[in-house]
Amino acid sequence: MAALCGALAQSTDSTALVLAGAIFVASITAIAYFRSRSRDPGLTTELALFATYLVGVQCVISPWLGGACGAVLALLLAARRHLHHFARHWLSERELHDALTLAGLALVVLPLVPDQPMALMGGIHLRPLAALVLLILLVQAAGHVALRVFGDRLGLAASGFFSGFVSSTATIASLGALARRTPDRSVGAASGAAMSTSATWLQLLLIALALSRPAALVIAPVALCGLAATLLAGGWLVLSAQRTASSGGNNSSAGAQQAPQTPRALRLREALAVTALLTVVTVGVTAAQRAFGVNGLLGSAAVAGLADAHSPVASLTAIYAGGGLSERDLLLGVLLAVSANSVVRLFVALTAGGPRFASRVAPALVLGAAAAWVAWAVSLGVR
């Protein structure tokens, strides 16, 4: 087969001969398929035969790329049974549809979005906004996979963490209501609520990275300190929930099996809603800066943080990228927005889950904000 491919690719009329060879191999493949006596012959062998011919042609044109394609083809053939089992027993039709949707958005829609700045949005380019939608969808897909992999034992903590990328406030409210309805699961619900606060810090860093890499480098120390503190608080609650489940016997196990599951791998409406909110807040914050200067910008960021922490951070990042904000004011605005949102989330935890639930979630909120403020103060001292 390799010799045939070499002769075809190196001939004077290589294009016609390669096409003729492809037709010949395809004809042999079709004959082999129709002459098979199996009730379910499949197409693995036939497609592998045709792909081998194409890999051979590619090896003549570009040996390193052809070798890589051959290795990938061999790997897929060796893992075909495992892939078949995964497709039949793990992957549902809805999940396959969501995977194709995600691939279409990444490979077709995103490259077609024009990369032009919008003056009313503080200089944010349209393509990074589309990339942000794709990023949120990827996080949702990762959360869905985590729930499938970890199962019910860590379902509340995993679902809380990944739901926090959409809305930590809504996640805390939902898990607080769960803790109020089923007090024996209050520790597990609190662990999920605490882990959602970790998602907030991580998403702030991802949004900044998607919109402006220099701004992400400025925000990174503060965001990572907040992330580390919330992960410690959330991890402690996860361990407490595991100890409670182990000592609770069958009743706790039965309750754990009712952990909320993600209805779909992708929730496009929620991702678009988050991006739309980000755009609206960006326009408002930019207008406040033009009307009242830096003080107006910081005040509007804090007010916007009462509803959502991500949107003001995105607007501040865009303004910083355009040269309209210093590093100090960027960090101060981020901290004001997250701190205001932390106060709202603590109030939501108290209202939805009661004082006991709020007391378990409070350390993650307070420690995360405190660690971020300390990191900011240290950075000022270093400078």
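Visitor: Which residues does serine 191 touch, not counting residues up to four places away in sequence?
Guide: Bear in mind that this is a predicted model. Serine 191 sits in helix 9, which covers residues 186-211. Leaving out residues up to four places away in sequence, its contacts are Ala157, Leu237 and Val238.

Visitor: And is serine 191 buried or exposed?
Guide: The cut-off for buried is under 20% relative accessible area. Serine 191 comes in at 3% relative accessibility, so it counts as buried.

Visitor: What about phenylalanine 165, buried or exposed?
Guide: Phenylalanine 165 belongs to helix 8, residues 155-181. Its relative accessible area is 5%, so phenylalanine 165 is buried.

Visitor: How far apart are the C-alpha atoms of phenylalanine 165 and serine 196?
Guide: Along the chain, these two are 31 residues apart. In space, the separation between their C-alpha atoms is 7.4 Å.

Visitor: Over to helix 6: where is its kink centred?
Guide: Helix 6 takes in residues 93-112, 20 residues in total. From first C-alpha to last it reaches 28 Å, close to the 28 Å expected at 1.5 Å a residue. There is still a kink of about 35° in this helix, and its centre is leucine 105.

Visitor: Which residues of helix 6 are buried?
Guide: Being buried takes under 20% relative accessible area. In helix 6, the residues that qualify are Glu95, Asp98, Leu102 and Leu110.

Visitor: Is leucine 112 buried or exposed, then?
Guide: Leucine 112 is also found in helix 6. It helps make a nonpolar surface patch of about 430 Å² along with Leu107, Val108 and Val109. Its relative accessibility is 67%, and exposed means over 50%, so leucine 112 counts as exposed.

Terms used
Residues numbered from 1 in each chain as written. Predicted model: local features only at pLDDT ≥ 70, side-chain atom pairs only at ≥ 80, totals over all residues. Heavy atoms only, no water. Helix = DSSP H or I, 4+ residues; strand = E, 2+ residues; numbered from the N terminus. Expected span 1.5 Å × (residues − 1). Bend = angle between axes of the 7 residues up to and from the residue. Buried < 20%, exposed > 50% of the residue type's maximum accessible area, 1.4 Å probe, protein only. Patch = residues over 30% accessible without salt bridge, like charges linked within 9 Å, V, L, I, M, F, W, Y side chains within 5 Å. Areas by Shrake-Rupley, 256 points an atom, 1.4 Å probe, with all protein chains shown as cover. Salt bridge = Lys/Arg side-chain N within 4 Å of Asp/Glu carboxyl O. Contact = heavy atoms within 4.5 Å.
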